[in-house]
Amino acid sequence: MELKDTSAIVTGAGSGLGLATARRLLAEGCKVAALDRNVSVLRGGEEEYSAIIEADVTSEQGLAEAFAQAVDTCGEIRMVVHCAGVLGNGAVLSPSRGTLPLKRFADVIAINLTGTFNSIRLAAEHMQGLSPLEDGERGVIITTASIAAWEGLSGQAAYAASKGGVAAMTLPLARELAIHGIRVMSIAPGMFQTGLLSNIPDQTLQHLIDDVPFPKRAGKGEEFAELAIAIARNRMLNGETIRLDGALRMRNPNS
Ligand SMILES: NC(=O)c1ccc[n+]([C@@H]2O[C@H](COP(=O)([O-])OP(=O)(O)OC[C@H]3O[C@@H](n4cnc5c(N)ncnc54)[C@H](O)[C@@H]3O)[C@@H](O)[C@H]2O)c1
C-alpha cells in the first residue's frame, strides 16, 4: 500500500509504540487519527494530526463514535494500527494480597483482547466499503501481541492469555477478511523502551536485557513503527504474527 496521503487510525497513540507509529506515519505523509484514552501528551499536535480522539477501546459505542469521527476528518481509512494495551501483571496467589480477584484478569482481557477485536471489527466494517486498490486490497489492520503470548513470565497469566488471543485470532481474521481485500497482521514485540516497562521491577528488566542475544538492549518505538510500515507496504504479509525481539526468549528470573 502506498502510504503517502493514506489515512490511518493509530490506537494507543498517546504513548510508546503507538506514539512512535503515529509520528512515523505522519513523516510518511499519512493522515493520522491519533486515538487514546489519555490524549494529554498529544495536545499541541493538533496541527499535525488530522484528529486527536479520546476513546476507550473497550467501549462498543465509544470506539464506534471515535472511528466515525476519524472517518469524518480523514476520509477513507486504509490502515489501522492497534497499539492500545496494558501490562496488567498479577500473581494468582499473592502472599500479601491473596487470590487474584477475577476482575483483574477480566480487565486485562477486556483491554488487550476484546479491545483489539473491537478495533478490528470497526476497521473491517469501514474498509469493506472502500474501493479496491492494486490486487484488490482495501486495507490493512495491524495489531500488537507480545512474545508473552508464548513465553509469559510468572504473574503474567492474564497478560499472556490476552496476547495469545491476539496472536491466535490473526490468521482466522485474515482468512475471513481476505474476500474483502483486507489484511490482518500482528506484531509481537519483545522488550521495548516505553511507559509500559515502568511497571516492571528494575531487576527483572536487567535480567530480560541480559537475555536478549542481539542487539542487547530494549527495542525502540521507531523500530516497531518501521515494521508496521513494512507490513503496510508489503501485500504478501498477511495472517501472521511477527516477533520483533532481538531473538529474546523470556524465562523466569529464577529459572
Ligand atoms: N513495551 C513493551 O516492551 C511491549 C512488549 C510487548 C508488547 N507490548 C504491547 O504494545 C502495546 C503498546 O504498549 P506500549 O509499550 O507502547 O505501552 P504504553 O503504556 O507506553 O502505551 C499504551 C497506550 O495505550 C493506551 N491505552 C491503554 N488502555 C487503553 C484503552 N482501554 N483505550 C484506549 N487506549 C488505551 C494508554 O493510554 C497508552 O497511551 C501494548 O498492547 C503492549 O502490551 C509492549
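**Reading a predicted model: loops, sheet and ligand shell**

User: Where does proline 215 lie?
Analyst: Proline 215 is in the loop that runs between helix H6 (202-210) and helix H7 (221-233). The model is predicted.

User: What kind of peptide bond joins phenylalanine 214 and proline 215?
Analyst: The bond is cis, with omega at about -5°.

User: What makes the phi of aspartate 135 worth listing?
Analyst: The value is positive, near 65°, and the residue is not glycine. Aspartate 135 sits in the loop between helix H3 (102-127) and E7.

User: How do you know that E7 and E8 pair?
Analyst: Pairing requires at least two bridges between the strands. Strand E7 (residues 139-144) and strand E8 (residues 182-189) have six bridges, in the parallel sense, so they count as a pair. Within this pairing, isoleucine 141 has valine 184 of E8 as its bridge partner.

User: Why are E3 and E9 called edge strands?
Analyst: The sheet is open and has seven strands in the order E3-E2-E1-E4-E7-E8-E9, paired in parallel. Strand E3 (51-54) and strand E9 (241-244) each pair on one side only. The twist from one strand to the next averages 20°.

User: Which helices lie against this sheet, and at what angles?
Analyst: Helix H2 (residues 60-74) lies across strand E1 (7-11), strand E2 (31-36), E3 and strand E4 (77-82), and runs at about 160° to E2. H5 packs on the sheet as well, touching E7, E8 and E9, and its direction makes about 160° with that of E8.

User: What makes threonine 194 a polar contact of the ligand?
Analyst: The cut-off for a pair of N or O atoms is 3.5 Å. A polar side-chain atom of threonine 194 lies 2.5 Å from a ligand oxygen, and the pair therefore qualifies. For phenylalanine 192, a backbone N or O atom is 2.7 Å from an oxygen atom of the ligand. For glycine 85, a backbone N or O atom is 3.5 Å from an oxygen atom of the ligand, which still counts because the limit is within 3.5 Å.

User: How much of the ligand does the protein cover?
Analyst: On its own the ligand has 820 Å² of accessible area, and the protein covers 93% of that. Helix H1 (16-27) and helix H5 (157-177) are the elements that give two or more residues to the shell.

User: How many residues surround the ligand, and of what kinds?
Analyst: There are 28, and the closest are Ser15, Asp36, Tyr159, Lys163 and Thr194. The shell divides into 14 nonpolar, 10 polar and four charged residues.

Note on methods
Residues are numbered from 1 along each chain as its sequence is written. This is a predicted model: local features need pLDDT of at least 70, side-chain atom pairs count only at pLDDT 80 or more; totals for chains, interfaces and linings use all residues. Side-chain values use heavy atoms; hydrogens and water are left out. A residue is near a molecule or strand if one of its heavy atoms lies within 4 Å of it. A polar contact is a pair of N or O atoms within 3.5 Å; within protein, one must be able to donate a hydrogen and the other to accept it, and residues adjacent in sequence count only if both atoms are side-chain atoms. Accessible areas come from the Shrake-Rupley method with a 1.4 Å probe; for residues, only the protein chains shown count as cover. Helices (H or I, at least four residues) and strands (E, at least two) are DSSP runs, numbered from the N terminus. Ala, Val, Leu, Ile, Met, Phe, Trp, Tyr, Cys and Pro count as nonpolar, Asp, Glu, Lys and Arg as charged, and the others, Gly among them, as polar. Axes are lines fitted to C-alpha atoms, for helices over the stretch in contact, and angles run from 0 to 180 degrees between N-to-C directions. Contact means heavy atoms within 4.5 Å.
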